[in-house]
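User: Could you take a close look at one part of this model for me? I'd like the cut-offs spelled out as you go.

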Amino acid sequence: MEQSEELLAKMYYRMNQSRFFEEKVNWFNSRGKIHGSIQLALGQEASSVASCLALEEGDLMTMTHRCHAQAIGFGMEIKKMMAEILGKDSGYGHGKAGSLYLSDVKSGNLGASDVPGMGYTIACGAALTQKLKKTGKVVLCFGGDGSTNEGAFHEAMNMASVWNLTV
């Protein structure tokens, strides 16, 4: 499938933003400026960004604990993300959510979780809501390290199949 130069440039830009963002987060963390846990996904920018750029306006997503590139790919504001990670009131969760629970529900980003596979069932619930409201919207769900070994993955796949959900 042929991609436009504009889309490819946008992908490249967001992948670079993601890489630089995570390197800066790692820099702050190495100097004790970040309280709480962070999980980096250096080298995984392409899959996160490309997946998010396939979404249309109004579509939703859930993220993993390695969520920075996913959030940037989805279009979250970098300054607000960094403020959140640094515990600042100007962050998405007023500095209380940190990196592992980053979200922006208003834009359709239902959030990240530090529990592998947690997003699967949340995504199914969101997709069921979209189906019942007949919005035609889809829900993108990122899995996480080893998450397909969790029972929630199999339960969510079963629900999505039985209810024909767009997740």
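User: Which residues are buried in helix α2 (residues 45–53)?

Analyst: Quick ground rules before the helix. This is a predicted model, where local features need pLDDT of at least 70 and side-chain atom pairs count only at pLDDT 80 or more, while totals for chains, interfaces and linings use all residues. Residues are numbered from 1 along each chain as its sequence is written, and side-chain values use heavy atoms, with hydrogens and water left out.

On to α2: Glu45, Ser48, Val49, Cys52 and Leu53 are buried. Here buried means under 20% relative accessible area, exposed means over 50%, and partly exposed is in between, with a 1.4 Å probe and protein chains only. Helices (H or I, at least four residues) and strands (E, at least two) are DSSP runs, numbered from the N terminus.

Looking down the axis of α2, the buried residues fall within an arc of 120°, so they line one face of the helix. That arc is taken from the directions from the helix axis to the C-beta atoms. The background is simple: an α-helix has 3.6 residues a turn, so residues three or four places apart point the same way.

As for what covers those buried residues, the list includes α1 (5–30), β1 (60–62), α3 (68–74) and β2 (139–141). Contact means heavy atoms within 4.5 Å.

Now for the rings. The structure holds two aromatic pairs. Rings of Phe, Tyr and Trp (its six-membered ring) pair if their centres lie within 6.5 Å; planes under 30 degrees apart count as stacked, over 60 as edge-to-face and the rest as tilted. Tryptophan 27 and phenylalanine 28 make an edge-to-face pair, with 5.2 Å centre to centre and 70° between the planes. Tryptophan 27 is partly exposed at 37% relative accessibility, whereas phenylalanine 28, at 17%, is buried.

The other pair is tyrosine 120 with phenylalanine 153: ring centres 5.1 Å apart and planes at 65°, so edge-to-face. This pair links distant parts of the chain, with tyrosine 120 in helix α5 (residues 118–133) and phenylalanine 153 in helix α6 (residues 151–162), 33 residues apart. Tyrosine 120 is buried at 13% relative accessible area, and phenylalanine 153 is buried at 17%.

Back at the tryptophan, there's a charge to mention too. The charged end of lysine 24 sits over the ring of tryptophan 27, 4.5 Å from its centre, and lysine 24 also lies over the face of phenylalanine 28, 5.5 Å from the ring centre. The test is NZ of Lys or CZ of Arg within 6 Å of the ring centre and within 35 degrees of the ring normal.
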